[in-house]
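Here is a set of questions and answers on local features of a single structure, which is shown below.

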Amino acid sequence: MSPSEGILSTLLYFKQWNVPVTPADCLRFLPAYLNPATITQLESVIQIEPLATMLAHHQGFLVFKGQEESIWHRHACYNATLTKWRIASRTLRWVRWVPFLRLIAITNTLPMGLATPESDIDVLI
């Protein structure tokens, strides 16, 4: 698989949830053997055909052309995520004092930055 195919696969994976990704997100989720070393290298791969005709780089996000409206959804999720992180950190501050507790993890949409106002806070203890 080439780097452009890896980038395309990563973007298609997130497209199923209507989520645009930043170049940094794309680097993080690409398989290690396909991962360009820097965002500059990633952006140079994106400017080569066929990706150049398929993708739009808008407001710091990579989206498929015609999917730019999903960026507003991501901005709304970001604001909801910040609110929920504050709630989770205040609440879990007390739980960490439980004896013999080894791990507290936040799971699902919150750590991915995709929480909506309707999302709950999923905790793994």
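Q: In this predicted model, which residue takes a positive phi in the hairpin of E1 and E2?
A: The hairpin of E1 and E2 has two residues between its strands, and one residue in the loop between E1 and E2 is not a glycine yet has a positive phi of about 55°. The residue with this backbone angle is Gln59.

Q: Is Gln59 buried, partly exposed or exposed?
A: Gln59 lies in the loop between E1 and E2, and its relative accessibility is 41%. Buried would require under 20% and exposed over 50%, with partly exposed in between. Because its value is 41%, Gln59 is partly exposed.

Q: How many bridges join strand E1 to strand E2?
A: Strand E1 covers residues 55-58 and strand E2 covers residues 61-64, and the two run antiparallel. One of the pairings places Ala56 opposite its bridge partner in E2, Val63. The number of bridges that join the two strands is four.

Q: What is the phi of Phe100, and where is Phe100 found?
A: Phe100 is a residue other than glycine with a positive phi, and with a relative accessible area of 82% it is exposed. Its phi is near 70°, and its place is the loop between H5 and E3.

Q: Which residue follows Glu49 across a cis peptide bond?
A: The peptide bond that starts from Glu49 has omega near 0°, and is therefore cis. The residue that follows is found in the loop between helix H3 (39-46) and helix H4 (51-54). That residue is Pro50.

Q: Which residues form a positive surface patch together with Arg90?
A: Arg90 is found in helix H5, residues 70-95, and is partly exposed, with a relative accessible area of 48%. A residue needs over 30% relative accessible area to take part in a patch, and the value of 48% for Arg90 satisfies that cut-off. The other residues of the patch are Arg86, Arg93 and Arg96.

Q: How far apart in space are Pro111 and Asp122, C-alpha to C-alpha?
A: Pro111 sits in the loop between strand E3 (105-107) and strand E4 (122-124), where it is partly exposed, with a relative accessible area of 41%. Pro111 and Asp122 are eleven residues apart in sequence. Their C-alpha to C-alpha distance in space is 9.8 Å.

Methods: Residues numbered from 1 in each chain as written. Predicted model: local features only at pLDDT ≥ 70, side-chain atom pairs only at ≥ 80, totals over all residues. Heavy atoms only, no water. Patch = residues over 30% accessible without salt bridge, like charges linked within 9 Å, V, L, I, M, F, W, Y side chains within 5 Å. Areas by Shrake-Rupley, 256 points an atom, 1.4 Å probe, with all protein chains shown as cover. Salt bridge = Lys/Arg side-chain N within 4 Å of Asp/Glu carboxyl O. Lys, Arg positive; Asp, Glu negative; His and termini not counted. Charge placed at Lys NZ, Arg CZ, Asp CG, Glu CD. Buried < 20%, exposed > 50% of the residue type's maximum accessible area, 1.4 Å probe, protein only. Pairing = 2+ DSSP bridges.
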